[in-house]
Amino acid sequence: MIFDIAVLGGGAAGLMAAATAGARGARVIVLDHAAEIGRKILISGGGRCNFTHLDTRPENFLSENRHFARSALARYTPRNFLAMVERHRIAWHEKTPGQLFCDNSARQIVEMLLSECKAAGVEFHLNANIGDVSKGDTFRVALDHDEVRASRIILATGGLAIPKLGATDLSLRIAKRFGLDIVPPTPALVPLTLAAPNVDLAGVALPVSARIGKRSFSDAMVFTHRGLSGPAILQISSYRRDDAEPLELDLLPGTDAEATLLDIKRQRPRAEPSALLAALPQRLARALVDTAWGRDMRCDLVNLPDRQIKALATRVARWRPTLSGTEGYAKAEVMRGGIDTRHLSSQTMSARHVPGLFAIGEAVDVTGWLGGYNFQWAWSSGYVAGISA
Ligand code: FDA
């Protein structure tokens, strides 16, 4: 059987592309190796799916080409997706400004996309073991005992995050086979590991400002058994390059740590040194003071030279932890890198030199911040491919 379009991967981007293309009258098949469709959507946003961010801009994405996402994001906006959500009567709420979640369950988003696909006559082949993809008059997608032929194919198998949910590099391999370059993939939105983690701090959470180079995020951080996590860390992790600029953490964001600590000394001369860090969680304050002056140090603040207090303030406001790496794809929310956008048209998501080949979603070198941006990229790029393919 020959289809107009075969969509490889029935996740967020693939379902959007399939529904859009089907609604235009194209004969569409979605191939996915999973037994159940949209598993990443189901677990997203703690089961409530943070399905978009109302204030999505190209600046919220990492890519070798910072402008690549602009066109798709403008053609299919967060408001467009929200209109679909409302048409399906899915109750939603805004958590932090701009971040939209389902009131009830992420499953509603999967059901919505499936019902759009059904209305558009999209066919599904689940449990599909996709082998070689070749191109003659049409594309041929080899399956175990069968093949699917299609005039156009859309690569939508996502990134490498969470392999136990079935993440693979299939789109990257097929793209490479057709001569497209790949920006080396790495885990992103991922907890970081410390060279010398302090297990006593596991579970301690606090607001921080996390910085790498010129980029910084102010949000919560949490110590884990192996390192650091929480939204501020996940966000900044996407900007980490191995041998480049260090991670710097301000544990007292929004304050002048040096002035604050010296002020505490003046106001509470008879207090213990740990009083300097009373604004921090107690376990962390204790650990920082112990590291600075030793566990057995006993003295009143008045006896601590200002120079030592300033040194502690620097450590607290510009802490540069030694990182050993990340928790990897097993714990990453997304993959950074992917199909090099230089080979794709930002207007259509088609490969410039391979007529009929399209790539969308996380498989493409466009990686969003935490907060609904990655789904918005999936919807926008999926829509654009769906109307163009
Ligand atoms: P997606 O991963 O959705 O779909 C890929 C599909 O391809 C899957 O159905 C898979 O089975 C299939 N596939 C893969 N390899 C295959 C192969 N070899 N053969 C056949 N099929 C194959 N984003 C956001 O904006 N808000 C949020 O709340 C969250 N929350 C979140 C939580 C967690 C735990 C994770 C891991 C990720 C998120 N994300 C998120 C990120 C978001 O889920 C992700 O960016 C999108 O799902 C990407 O959409 P895609 O369609 O590109 O890939």
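## A buried cysteine, a ligand and its shell

Cys102 has 0% relative accessibility, so it counts as buried. Keep in mind that this is a predicted model.

Let's stay with the cysteines for a moment. How many disulfides does a search of the whole structure find? It comes up with zero. Cys102 is in none, and the nearest cysteine sulfur, that of Cys49, sits 5.4 Å away. A disulfide needs two cysteine sulfur atoms within 2.5 Å. Cys117 is no better placed for a bond, because the closest cysteine sulfur, again in Cys49, is 15 Å from its own, which is too far. Like Cys102, which is buried at 0%, Cys117 has a relative accessible area of 0% and is buried.

Now for the ligand. There are 30 residues around it, and the closest are Ala13, Asp32, Thr168, Glu362 and Phe375. Sorted by class, that shell holds 14 polar, twelve nonpolar and four charged residues. Here are some polar contacts made by oxygen atoms of the ligand:

| Residue | Part of the residue | Distance to a ligand oxygen |
|---|---|---|
| Ala13 | backbone N or O atom | 2.8 Å |
| Asp32 | side-chain N or O atom | 2.6 Å |
| Gly45 | polar backbone atom | 3.1 Å |

How much of the ligand does the protein bury? Taken alone, the ligand exposes 1,000 Å², and the protein buries 91% of that.

Which helices help to build the shell? α1 (12-23), α2 (39-43) and α11 (373-388) each supply at least two of its residues. The biggest share comes from α11, with four residues.

α1 deserves a second look. Its twelve residues reach 17 Å from the first C-alpha to the last, close to the 16 Å expected at 1.5 Å a residue. Is this helix largely enclosed or left open by the rest of the structure? Eleven of its twelve residues are buried, so α1 is largely enclosed. Among those buried residues are Leu15, Met16 and Thr20, along with glycines Gly14 and Gly22. Ala13 is on the buried list too, and this residue is also one of the closest to the ligand, with a backbone N or O atom 2.8 Å from a ligand oxygen. Just after α1 ends, Gly25 takes a positive phi of about 105 degrees.

To pull the two threads together: the ligand has 91% of its area buried by the protein, while Cys102 and Cys117 are each buried at 0% in a structure with zero disulfides.

Notes
Residues numbered from 1 in each chain as written. Predicted model: local features only at pLDDT ≥ 70, side-chain atom pairs only at ≥ 80, totals over all residues. Heavy atoms only, no water. Near = heavy atom within 4 Å. Polar contact = N/O pair within 3.5 Å; in protein donor to acceptor, adjacent residues only side chain to side chain. Areas by Shrake-Rupley, 256 points an atom, 1.4 Å probe, with all protein chains shown as cover. Nonpolar A, V, L, I, M, F, W, Y, C, P; charged D, E, K, R; others polar. Expected span 1.5 Å × (residues − 1). Buried < 20%, exposed > 50% of the residue type's maximum accessible area, 1.4 Å probe, protein only.
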